Amino acid sequence: MQGRLSAWLVKHGLVHRSLGFDYQGIETLQIKPEDWHSIAVILYVYGYNYLRSQCAYDVAPGGLLASVYHLTRIECGVDQPEEVCIKVFVPRGNPRIPSVFWVWKSADFQERESYDMLGISYDNHPRLKRILMPESWIGWPLRKDYIVPNFYEIQDAY
């Protein structure tokens, strides 16, 4: 079933894939990494002026990684703001997605956390570096194929 935003994107020739609706009725769309920045700017201009959250997850061991954006359209006098969920899937061998920091400043720490935990590189992010793990940490702890280092080896490194 196609939602309101998906129909609008189709009408304007913007490539995406509808993933249906979540349990709260929020429309979920898949956008290709190479199209994400352009569509993010268009969504901002269309009224999605608030990035409520950004997160990432490992779809399956050895499989794709996903970066997820929850956008909200905040307007005066509207009790129920319109929301949309955007998913951008990338291969784990080269997980690169354009940063939306320059569209929504609230993406700053959230994209950094996704980089730190899963190794997704957000192109053109102004400060993309680890935020939770020490700079010397090797690997991406939330990947399903991550091998947990021996505790004693970690202690010896510090």
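Residues count as buried under 20% relative accessible area, as exposed over 50%, and as partly exposed in between. These terms recur in the legends below, which describe a predicted model.

**View 1. N150, a partly exposed loop residue.**
N150 has 38% relative accessibility, so it counts as partly exposed. That value falls in the range left between the buried and exposed cut-offs, under 20% and over 50%. N150 belongs to the loop that links β7 (121-123) to α4 (151-157). How far is N150 from D79 in sequence and in space? The two are 71 residues apart along the chain, and their C-alpha atoms are 52 Å apart.

**View 2. The whole chain.**
The protein has four helices and seven strands. Read from the N terminus, the order of elements is α-β-β-α-β-β-β-β-α-β-α. A box of roughly 55 × 30 × 30 Å, taken along the principal axes, holds the C-alpha atoms. The protein has 158 residues, and 42% of them count as buried. Its accessible surface is about 9,000 Å², with 56% belonging to carbon and sulfur atoms. Take the contacts between residues at least 6 apart in sequence: 51% of them join residues at least 24 apart.

**View 3. The annotated region, residues 30-149.**
An unreviewed UniProt entry annotates residues 30-149 as "domain: NADH:ubiquinone oxidoreductase 30kDa subunit". Over this stretch the model is 22% helix and 30% strand. The C-alpha atoms at its two ends are 34 Å apart.

**View 4. The hairpin of β1 and β2.**
Strands β1 (residues 17-21) and β2 (residues 27-30) run antiparallel and are joined by three bridges. F21 faces E27 of β2 across the pair. Five residues lie between the strands of this hairpin. Which residue of the hairpin takes a positive phi? G25 does, with a value near 85 degrees.

**View 5. The five-stranded open sheet.**
The strand order is β1-β2-β5-β4-β3, and the pairing is mixed. Why do β1 and β3 (50-58) each have a side without a neighbour in the sheet? Both stand at the edges with a single partner strand, so one side of each stays unpaired in the sheet. Neighbouring strands are turned by 20 degrees against each other on average, direction ignored.

**View 6. Helices on the sheet.**
Helix α2 (residues 33-46) packs on the sheet and touches β4 (64-73) and β5 (82-91). The direction of α2 makes about 165 degrees with that of β5. Helix α3 (residues 107-118) lies across β3 and β4. Relative to β3, helix α3 runs at about 0 degrees.

**View 7. The largest nonpolar core.**
This core has 29 residues. Which of them touch the most other members? They are W36, Y69, L71 and I86. Two or more residues come from each of α1 (4-11), α2, β3, β4, β5 and α3. The largest share, five residues, comes from α2.

**View 8. The surroundings of W36.**
Neighbours within four places in sequence are left aside here. W36 is in contact with Y69, L71 and I86, among others. Its further contacts include I31, L43 and V88. I97, P98, V100 and W104 also touch W36.

**View 9. L14, between α1 and β1.**
L14 sits in the loop that joins these two elements. Beyond its neighbours within four places in sequence, L14 contacts W8, L9, I39 and I42. L14 and Y115 are 101 residues apart in sequence, with 27 Å between their C-alpha atoms.

**View 10. S121 and N124, one buried and one exposed.**
S121 is part of strand β7. Its relative accessibility is 16%, so S121 counts as buried. That figure is under the 20% cut-off. Sequence neighbours within four places aside, S121 touches P95, R96, I97, Y115 and L128. N124 lies in the loop between β7 and α4. N124 has a relative accessible area of 65%, so it counts as exposed. What sign does the phi of N124 have, positive or negative? Phi of N124 is positive, near 70 degrees, in a residue other than glycine. Most residues other than glycine have a negative phi.

Conventions: Residues are numbered from 1 along each chain as its sequence is written. This is a predicted model: local features need pLDDT of at least 70, side-chain atom pairs count only at pLDDT 80 or more; totals for chains, interfaces and linings use all residues. Side-chain values use heavy atoms; hydrogens and water are left out. Two strands pair if DSSP finds at least two bridges between them. Axes are lines fitted to C-alpha atoms, for helices over the stretch in contact, and angles run from 0 to 180 degrees between N-to-C directions. Contact means heavy atoms within 4.5 Å. A nonpolar core is a set of buried Ala, Val, Leu, Ile, Met, Phe, Trp, Tyr and Cys residues joined through side-chain atoms within 4.5 Å. Buried means under 20% relative accessible area, exposed over 50%, partly exposed in between (1.4 Å probe, protein chains only). UniProt positions are given in the numbering used here, feature names are shortened, and annotations may be inferred rather than shown by experiment. Accessible areas come from the Shrake-Rupley method with a 1.4 Å probe; for residues, only the protein chains shown count as cover.
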